Amino acid sequence: MTKLLYIIAIIFIFTSCYNINKTEPVIPDILLSKSQMVDMLTEIQITEANFRIAKNRTLAVDEKPKYYDRILREYGITLKQMKDNMEYYHNSPEIMEEIYEQVLANLSKIQSEVMLEKEELEKAIIADSIARMNDSLELVKIDNVVNIQ
């Protein structure tokens with residue numbers, strides 16, 4: 001009987017201590033949906049990338065708060081509410097992983113679109129240069145014909 005009591009006591013001790021460090025996530029006053037978090041984090045990453053490649057670093061540092069304020073206003077939240085949302089979603093690693101995977105997918109799609117636009121622009125510039133060169137050659141030919149006569 002005492003062995004049974006010891007086993008029950010040990011089980012009770014282990015099960016009572018199981019959730020001691022686990023706290024329920026605090027739901028923010030304004031909870032952004034997963035898709036809103038994806039969109040907001042995508043915008044933040046693009047903004048950060050723009051500042052990283054900025055030629056005028058001093059101006060970029062001065063302008064950064066304005067861009068973040070614009071993003072926060074767009075989603076109708078404050079910086080504290082954004083941090084609360086980040087903390088809330090970080091308490092659910094699976095959901096946060098989904099959010100970051102979607103952000104990466106968005107950034108990859110945007111990068112592909114930009115690269116395609118860049119290629120098209122380069123082709124248009126080359127075509128324009130060739131057309132101008134042909135026009136110049138045509139003018140030279142006409143000028144030569146006029147000068148020969």
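# Phe51 and its surroundings

Phe51 is buried, with a relative accessible area of 13%. Phe51 makes a good starting point for a tour of this predicted model, since the residue sits in helix α2 and also appears among the residues that line the largest pocket. From there, the tour moves to other residues of α2, then to the pocket, the aromatic pairs and the largest nonpolar core.

**Around Phe51**

- Setting aside residues up to four places away in sequence, Phe51 touches Arg57, Ala60, Glu63, Lys64 and Tyr67.
- Phe51 and Val61 are 10 residues apart along the chain, and their C-alpha atoms are separated by 7.7 Å.
- Why does Phe51 count as buried? Its relative accessible area is 13%, and buried means under 20%.

**The aromatic pairs**

- The count of aromatic pairs comes to 2.
- One of them joins Phe51 and Tyr67 edge-to-face, with 5.3 Å from centre to centre and 85 degrees between the planes.
- This pair links distant parts of the chain, as Phe51 belongs to helix α2 and Tyr67 to helix α3, 16 residues apart.
- Is Tyr67 buried or partly exposed? With a relative accessible area of 38%, Tyr67 is partly exposed, whereas Phe51 is buried.
- Tyr88 and Tyr89 also pair: their ring centres lie 5.3 Å apart and their planes stand at 80 degrees, so this pair is edge-to-face.
- Tyr88 is buried at a relative accessible area of 18%, and Tyr89 is buried at 6%.

**Two more residues of helix α2**

- Thr47 lies in helix α2 and counts as buried, because its relative accessibility is 7%.
- Beyond the residues up to four places away in sequence, Thr47 touches Tyr67 and Ile71.
- Glu48 has its place in helix α2 too, and at 19% relative accessibility this residue counts as buried.
- Which residues is Glu48 in contact with, leaving aside neighbours within four places in sequence? They are Lys64 and Tyr68.

**The largest pocket**

- The largest pocket holds about 170 Å³ of space.
- Its lining is made up of Glu43, Ile46, Thr47, Asn50, Phe51, Ala54, Asn56, Leu59, Ala60, Glu63, Tyr67 and Arg70.
- Helices α2 and α3 are the elements that give two or more residues to this lining.
- By residue type, the lining divides into 6 nonpolar, 3 polar and 3 charged residues.
- Both members of the Phe51 and Tyr67 pair are found in this lining, and so is Thr47, which touches Tyr67.

**The largest nonpolar core**

- In soluble globular proteins, nonpolar side chains tend to be buried together.
- Here the largest nonpolar core has 17 residues, and Met37, Met40, Leu41, Ile77 and Ile99 touch the most other members.
- Which elements give two or more residues to this core? They are α2 (34-53), α3 (57-74), α4 (79-90) and α5 (93-148).
- Among the elements, α2 gives the most to this core, with 5 residues.
- Leu41, one of the members that touch the most others, is in contact with Met86, Met96, Ile99, Tyr100 and Val103, not counting residues up to four places away in sequence.
- Ile99 turns up twice here: Leu41 touches Ile99, and Ile99 is itself among the core residues that touch the most other members.

Note on methods. Residues are numbered from 1 along each chain as its sequence is written. This is a predicted model: local features need pLDDT of at least 70, side-chain atom pairs count only at pLDDT 80 or more; totals for chains, interfaces and linings use all residues. Side-chain values use heavy atoms; hydrogens and water are left out. A nonpolar core is a set of buried Ala, Val, Leu, Ile, Met, Phe, Trp, Tyr and Cys residues joined through side-chain atoms within 4.5 Å. Buried means under 20% relative accessible area, exposed over 50%, partly exposed in between (1.4 Å probe, protein chains only). Helices (H or I, at least four residues) and strands (E, at least two) are DSSP runs, numbered from the N terminus. Contact means heavy atoms within 4.5 Å. On a 1 Å grid over the protein atoms alone, a cavity is a set of points where a 1.4 Å probe fits but cannot get out, and a pocket is an open set with protein on both sides within 12 Å along at least five of seven lines; lining residues have an atom within 4 Å of a point. Grid points are joined across faces, edges and corners, and a volume is the space filled by probe spheres set on the points. Ala, Val, Leu, Ile, Met, Phe, Trp, Tyr, Cys and Pro count as nonpolar, Asp, Glu, Lys and Arg as charged, and the others, Gly among them, as polar. Rings of Phe, Tyr and Trp (its six-membered ring) pair if their centres lie within 6.5 Å; planes under 30 degrees apart count as stacked, over 60 as edge-to-face and the rest as tilted.
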